[in-house]
Structure formats: C-alpha cells, structure tokens
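Trainee: Please put the model up, and then we can go through its cores and backbone.

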Amino acid sequence: MSIKEFHISIGKELLATKNRVRNLVAHWGEDGRNKEVVLKTVLKRFLPANLDIGTGFVVTHVENNDTPLPSTQIDLIIYDNSFPVLFKESDFVIITPDAVRGIIEVKSNIKKSSQLEEIVAKANKNGQFIYNNKADNSLPFFNGIFSFEGFEKITKKNLSKISVPVINSNKEIEAELTSKDYRVNIVCFNKDIYLLYWGDKTYTKYENEELYCVNKVPDLAFSYFITNLILMVTNNDNRKSVNSELWFPEIRKIDLLGRF
C-alpha cells in the first residue's frame with residue numbers, strides 16, 4: 001500500500017482515459033469535449049454530496065433590465081446544489097453566481113505564452129463576473145486552468161501572462177486581496193508541473209510562504225490540482241492536519257523562474 005502511488009494512479013487514469021478517445025476518433029472538437037468529461041468524471045468522486053459539477057453558463061440580473069446577463073461558456077463549474085438551478089439537462093447547467101464555488105478551463109495542450117495569456121484572461125473575466133455578482137464572498141473561490149499537456153519549463157515570460165505579482169509584504173498582500181479574489185489561483189501545465197497562487201484568504205496565515213509557487217512533482221500534478229480544488233471548494237485546509245500527507249504525500253517547491 002502506498003499513498004503516493006494512489007495519487008499517481010489518479011494521473012495515470014486521466015491520461016489513459018483521454019487517450020482512448022484520441023486513439024479512436026480524430027475529430028479534435030470532440031476530443032476536447034472528451035477531456036472535460038474525463039476530468040469531470042474523476043472530480044465527481046472526490047466532491048462531497050452538497051457539491052456538483054457541470055458545464056454551462058452563469059447568469060445574473062441587471063437592474064431595470066428584463067434580459068439576463070450571462071458569462072461566457074465555462075468548461076467546468078463546481079456549484080453548491082443546495083441552491084436552486086435555473087436550468088439543468090444532464091451535466092449542462094445554467095445557474096446564478098451565488099451557487100458557484102469554482103470554475104475550471106480545460107485544455108488539451110498549452111504550448112505558447114500567448115495562448116496561456118488568452119486562457120487566463122477568459123478565466124479571470126468569468127471569475128470576476130461571478131465574484132462581483134455574489135451576495136456572499138466569504139468562502140474561497142476556486143479559479144483553475146487544467147492542461148493535460150503543456151509547458152515543460154516555466155519561465156518568467158510564462159508567469160507574466162498570468163499577471164499575478166510576487167508579493168512579499170503583508171501590507172501588499174491585503175491590498176491585492178481586496179480586489180483580486182476572483183482570479184486564476186492554480187494552473188496545471190502537465191502531469192508534472194503546476195502553479196499555485198497563495199494569495200487566497202484561506203492561506204494568508206502562511207506568512208513566510210511565497211505567494212506564487214511553481215511545483216515540480218513528477219506524475220503528481222494532476223492529483224495535486226484536484227486536491228487543492230477540493231480543499232478550496234470545501235473550505236477545508238488539511239495542510240496542518242495529522243492527515244495532511246493523505247492529500248500531499250510529496251511536494252518540492254521550485255523557484256519562480258522554473259529552474260529545476
């Protein structure tokens with residue numbers, strides 16, 4: 001028995017399942033949608049009963065206007081199913097911002113910095129739309145990008161596309177938190193590398209930690225993306241728990257320029 005191998009097996013399952021469709025169907029549009037389904041299926045196993053996951057739109061009401069204002073389509077939406085749903089057909093949903101706990105953009109392969117910039121901009125726009133129209137923003141908001149393949153080496157140029165500054169003083173941290181709680185806070189580049197932003201309110205107690213950490217964890221990045229998602233959407237920080245190694249069996253932080 002091995003906790004680490006358990007986490008590695010999650011990543012292997014994601015890769016094996018997404019490759020099955022690629023080996024049978026050469027239609028790239030369907031291949032992309034399949035990757036959303038693959039990730040969604042695995043995530044469902046970890047979510048508690050009060051949370052569900054689907055794809056679709058978030059809509060809000062504009063005062064003195066009879067036309068609802070929608071987000072752009074979101075690949076995966078994690079939402080609290082105790083809230084009413086405006087529309088649901090299978091896994092396609094249309095919901096209000098108050099129900100949303102997290103969003104994910106799913107990509108096959110992020111190859112270029114310009115592509116990353118475009119994806120981050122879309123995710124931040126949807127995140128801001130949802131966050132600004134919530135009645136209650138006391139809980140953490142997960143905004144993630146998941147790529148099955150991508151950058152093998154993270155550079156300063158790559159990081160600049162995410163537009164999250166490295167913050168060292170607590171005063172600056174507070175200034176950022178007042179307006180940026182909606183932005184992308186985790187990017188999974190491939191099975192080995194993920195980036196985590198520590199500026200969320202949940203984690204500011206770690207005053208000596210870098211707020212913008214790139215981690216190289218061979219074969220574990222997929223699983224750690226899921227772990228961080230679960231901890232945020234359930235507002236349950238297990239990092240100081242006696243059981244923390246069940247969620248993070250191994251981690252090695254690298255510097256901000258991605259020198260491995």
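The questions below deal with nonpolar cores and positive phi values.

Mentor: This is a predicted model, in which local features need pLDDT of at least 70, side-chain atom pairs count only at pLDDT 80 or more, and totals for chains, interfaces and linings use all residues. Residues are numbered from 1 along each chain as its sequence is written, and side-chain values use heavy atoms, with hydrogens and water left out.

Trainee: Which helix gives the most to the largest nonpolar core?

Mentor: A nonpolar core is a set of buried Ala, Val, Leu, Ile, Met, Phe, Trp, Tyr and Cys residues joined through side-chain atoms within 4.5 Å; buried means under 20% relative accessible area, exposed over 50%, partly exposed in between (1.4 Å probe, protein chains only). The largest core has 34 residues, and Leu-14, Ile-104, Phe-146 and Leu-229 touch the most other members. Helices (H or I, at least four residues) and strands (E, at least two) are DSSP runs, numbered from the N terminus. With 10 residues, the top contributor is the helix at residues 221–233, α6.

Trainee: Where is Ser-90 placed, and is Ser-90 exposed or buried?

Mentor: Ser-90 is not glycine, yet its phi is positive, near 60 degrees. Its place is the loop between β4 (87–89) and β5 (92–95). Because its relative accessibility is 58%, Ser-90 counts as exposed.

Trainee: What is the relative accessible area of Asp-219?

Mentor: Asp-219 also has a positive phi without being glycine, near 70 degrees. Asp-219 lies in the loop between β10 (212–216) and α6. Asp-219 is partly exposed, its relative accessible area being 31%.
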